[in-house]
Structure formats: C-alpha cells, structure tokens
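Q: Got a minute to walk me through this one? I'd like to start with the sheet.

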Amino acid sequence: MAIRDIHILGSPALRRRAEEIAAVDDEVRALVEDLFDTMAAASGVGLAANQIGVTRRVAVVNADDQTFAMINPRIVEAAGREGKEEGCLSIPEAFAEVTRPERVVLEALNEAGETFRLDVSGLIARAVQHELDHLDGVLFIDHLSPLKRQLLVSRWKKEHRNEPLTRTPHPEEPKATD
Ligand SMILES: [Zn+2]
C-alpha cells in the first residue's frame, strides 16, 4: 500500500474527534494497510488515522510482539496506575512522563469487521490508550500539568518553528515512539 505523511503538532487533524466506522469495507482495510506501512516506516509502536490526516476511528499497534488493527476501539475495563515516559510521532523529540491505567481491556473490530477483546498491560496497554486518545483529538501532552505542558510545548515550538505540519517518515529513523 503506501507510506503516508505524518501530521505534526499544529495540524488541525490531530485535534478533531475521529468518526465511527459504519462498515469495515475495502476502503477501511486500505487505510489499515497504510497505517501499518507508515507505522513501520516511522518505527512507531502505534499510529492513529488522525496522524495521517484521516479522521476515522482506526488505529494500529505494534508493541511487545503484538501487532493488530483496532477499528471503533473502546476500553471496557481499566485497572492500576503507572507513570512512564511517553512520546508521539506527531510531536517529534518531545517526551514526558504520563500516568495511565496499567492494564486495560480493549474491545474493537478487526479488519474482517469482527468484534474482538484484548486484555493487555504494560507498554501495549499504554500504546492502546495513547492511540484511543488520538481518535478523540487528545495528545499525550494533555495529560501533563498545565505548567509542564506549557513548558514542553513552548520549547518544542521554538525548536520546530518554520517546519511543515506534515513529515514523511524515514525507515532509518531509530526512534520508537507512538
Ligand atoms: Zn501519538
């Protein structure tokens, strides 16, 4: 399929709530393929459709040897709390500790349109929650205190001013963020 450009902080697509998928058809499956290709090219552990400028509720995850697509995903159970450093392909070179539930049960549709449930913890649970946030127009920086967020964003904007709002991923990039 295709490696797509990734939208960067400042792109309106990152702040839109993505729309439910009414039917899992070939168009949706093509979107899933593009997300997988783009995530691999960017060495990401997850990627949501908003990040390639498509505001539909589709995301992919590749963490802890598990790779899957989630369509219309939702979290049906959450437990524990854990703080870990997080980054985002849409906010390159920015990292901060984010506290989230340590374990979640995900319910979503797969590429065949079938409902599946997945009980996950650790990195994969974090990636799932991070991608679900994207589909609601939420970024990891929104989980920080207002002061921390302001510091991170103002520094990031200074370092990234005059840069375009989309970026083409390069497979040689060594970073592994979502
Ligand atoms: Zn992200």
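A: Sure. There's an open sheet of five strands, ordered β2-β3-β4-β7-β8, with antiparallel pairing. Its edge strands are β2 (46-48) and β8 (115-121), each pairing on one side only. Strands here are DSSP runs of E, at least two residues, and helices are runs of H or I, at least four, numbered from the N terminus. Two strands pair if DSSP finds at least two bridges between them.

Q: Is this predicted or what, and which numbering are you using?

A: It's a predicted model: local features need pLDDT of at least 70, side-chain atom pairs count only at pLDDT 80 or more, and totals for chains, interfaces and linings use all residues. Residues are numbered from 1 along each chain as its sequence is written.

Q: How many bridges join β3 to β4?

A: Six, between residues 58-63 of β3 and residues 66-79 of β4, running antiparallel. Val 58, for instance, has Ile 71 in β4 as its bridge partner.

Q: What does helix α1 touch on the sheet?

A: Helix α1 (residues 26-41) packs on the sheet and touches β2, β3 and β4, with its direction at about 35 degrees to that of β3. Contact means C-beta atoms, placed from the backbone, within 7 Å. Axes are lines fitted to C-alpha atoms, for helices over the stretch in contact, and angles between N-to-C directions run from 0 to 180 degrees.

Q: And α2, where does that lie?

A: Helix α2 (residues 122-135) lies across β2, β3, β4, β7 (103-109) and β8, at about 160 degrees to β3. Leu 123 sits in that helix. Leaving out residues up to four places away in sequence, Leu 123 touches Val 45, Ala 63 and Asp 64.

Q: Why does Leu 123 count as partly exposed?

A: Because it has 16 C-beta neighbours inside 10 Å. Buried takes 20 or more other C-beta atoms within 10 Å, exposed is 12 or fewer, and partly exposed is in between, with C-beta atoms placed from the backbone.

Q: Switching to α3: how many of its residues are buried?

A: Zero of 14, so α3 lies largely in the open. Over the protein chain, 37% of the 178 residues count as buried.

Q: Last one: what's the radius of gyration of the protein chain?

A: It's 15 Å, which agrees with the value near 16 Å for a compact globule of 178 residues. That's taken over C-alpha atoms, and the globule rule is 2.2 Å times the number of residues to the power 0.38. The C-alpha trace spans about 45 × 35 × 30 Å along its principal axes.

Note on methods:
Contact = placed C-beta atoms within 7 Å.
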